[in-house]
Amino acid sequence: MRPQWTDLPEAVRKTVEALVGGAGRVDACPDGFSPGFAVRLTRADGQRRFVKGIDAGAWPHEVDAYRTEARIGEALPPAVPAPRLRGVHDDGHWCVLAFDDVDGRSPGRPWTPQDIRRVVGAIGDLARAATPSPVPLPTSHPRLGGWSDLASDSSRLSELRRYDEWAAANVQRLAGLERSGLEAARGESLVHGDLYPHNILLTGDRVVFVDWPHARRGSPVIDLVAFLSSVAADGIDPEPFLPVGTPETATTAILAAHTGFLLAGGLAEPLPGLERITAEKLRLGRGAFRWLRTRL
């Protein structure tokens, strides 16, 4: 779904080349779910940049995420395991961001216990390095919660019933649990907020977290639950990978709120052009829901 480098208007390509200091080689990046373009550019001096951008006119509801990511990227300190933001171009029509390129791979292709433990360890390292958050961020969590919305809408509740009878029968209980989860999600740590495998890169000696537009201040358990939900979605029991000392009650409550967000989004009518995002929310939601049921 991503536009190719050659599909971009010549003016945009020239803007990108000026932003990164020239481009000798261009490699497409087909992974991810954004409808914007994404490429790796190699300069004449051998340095590489990862560049992403989006047409605000074509995707008015998506461009805000790029602008937010630019603001957060400029504020992230070196202690945070994220690629350094090298440049931003935003003319009101095209928004383009350039980062240091990370030579890594996404975890989970296939999963190994070692990869899971590496990422869980990196989430713990992030919490220790970024508590309190070094970046001023909102404390709201729009990517948590959804059971209450499903419970209050008869047509969506019917859709939930077709998906899972138990969930529909217990939707009020789950809505109450997610309210506890929203309280448990409060905290002063820097939280990525979208920590799934497509936003994680493993190098030989580092775990790097990319794509930060959903960052918030909150509990580190949020990132832990999101990541381990993706493990559950691939049929692996997350429980053995929970760090010792992880708060049981808060984890279950935040998992409930996280599951509600995913299933409410995954069962909604997808926006044109964003069908893959809706499908991925449902896939992740199924994994999170199975994990939640075992904890309940």
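How many cavities of 30 Å³ or more does a search of the whole structure find? The search turns up one. The model is a predicted one, and this empty space is a handy place to start looking around it. Rolling a probe the size of a water molecule over the atoms shows where empty space is left. Here the largest cavity holds about 60 Å³ of space. Its walls are made by Glu69, Gly73, Leu76, Ala82, Pro83, Phe99, Val210, Asp211 and Trp212. Sorted by class, that lining comes out as six nonpolar residues, one polar and two charged.

Open spaces come next. The second largest pocket has a volume of about 260 Å³, and 17 residues line it. Nearest its centre lie Pro78, Ala82, Pro83, Arg84 and Leu85. Ala82 and Pro83 also turn up in the lining of the largest cavity. As for the make-up of this pocket's lining, there are nine nonpolar, two polar and six charged residues.

One of the cavity-lining residues, Asp211, is worth a second look. Most residues other than glycine have a negative phi, and most peptide bonds are trans. Asp211 has a positive phi, near 60 degrees. Asp211 sits in the loop between β8 (207-209) and β9 (216-218), and it counts as partly exposed because its relative accessibility is 24%. A peptide bond to look at in the same light is the one from Thr131 to Pro132, which is cis, with omega near 0 degrees. Pro132 belongs to the loop between α3 (113-129) and α4 (147-152).

On to the packing of the interior. In soluble globular proteins, nonpolar side chains tend to be buried together. In this model the largest nonpolar core has 62 residues, and those with the most contacts inside it are Trp147, Leu160, Leu190, Phe209, Trp212, Phe227 and Leu228. Helix α8 (residues 221-233) supplies the largest share of this core, with ten residues. Another core lies apart from it, made of twelve residues that include Val12, Val16, Val20 and Val51.

What does Trp147 touch, leaving aside its neighbours within four places in sequence? Its partners are Leu160, Ala167, Val171, Leu174, Ala175, Glu178, Ala256, Thr259, Gly260, Leu263 and Phe289. One of these, Val171, also helps to place Arg161: the two are ten residues apart in sequence, and their C-alpha atoms are 9.8 Å apart in space. Arg161 is part of helix α5 (residues 154-163). With a relative accessibility of 35%, Arg161 counts as partly exposed.

Strand β6 (residues 189-191) offers two residues to follow, and Val191 is one of them. Is Val191 buried or exposed? Val191 counts as buried, because its relative accessibility is 1% and the cut-off for buried is under 20%. Not counting residues up to four places away in sequence, Val191 touches His214, Ala215, Arg216, Gly218, Ser219, Pro220, Ile222 and Asp223. Val191 and Val221 are 30 residues apart along the chain, yet 8.8 Å separates their C-alpha atoms.

Ser189 is found in strand β6 as well. Ser189 is buried too, with a relative accessible area of 4%. Setting aside neighbours within four places in sequence, Ser189 is in contact with Ala127, Ala130, Thr131, Ser133, Arg216, Arg217, Gly218 and Pro220. Among these is Thr131, the residue that begins the cis peptide bond to Pro132. Arg216, Gly218 and Pro220 are also among the residues that Val191 touches.

Strand β7 (residues 200-202) is where Leu201 lies. Leu201 counts as buried, since its relative accessibility is 13%. Beyond residues up to four places away in sequence, Leu201 touches Val102, Gly104, Arg105, Ser106, Arg206, Val207, Val208 and Val210. One of these, Val210, is also part of the lining of the largest cavity. Leu201 and Val119 are 82 residues apart along the chain, with 9.4 Å between their C-alpha atoms.

Finally, a record adds a label to the chain. An unreviewed UniProt entry places the feature "domain: Aminoglycoside phosphotransferase" at residues 39-234. Over that stretch the chain is 40% helix and 19% strand, and its end C-alpha atoms are 28 Å apart.

Conventions: Residues are numbered from 1 along each chain as its sequence is written. This is a predicted model: local features need pLDDT of at least 70, side-chain atom pairs count only at pLDDT 80 or more; totals for chains, interfaces and linings use all residues. Side-chain values use heavy atoms; hydrogens and water are left out. A nonpolar core is a set of buried Ala, Val, Leu, Ile, Met, Phe, Trp, Tyr and Cys residues joined through side-chain atoms within 4.5 Å. Buried means under 20% relative accessible area, exposed over 50%, partly exposed in between (1.4 Å probe, protein chains only). Helices (H or I, at least four residues) and strands (E, at least two) are DSSP runs, numbered from the N terminus. Contact means heavy atoms within 4.5 Å. UniProt positions are given in the numbering used here, feature names are shortened, and annotations may be inferred rather than shown by experiment. On a 1 Å grid over the protein atoms alone, a cavity is a set of points where a 1.4 Å probe fits but cannot get out, and a pocket is an open set with protein on both sides within 12 Å along at least five of seven lines; lining residues have an atom within 4 Å of a point. Grid points are joined across faces, edges and corners, and a volume is the space filled by probe spheres set on the points. Ala, Val, Leu, Ile, Met, Phe, Trp, Tyr, Cys and Pro count as nonpolar, Asp, Glu, Lys and Arg as charged, and the others, Gly among them, as polar.
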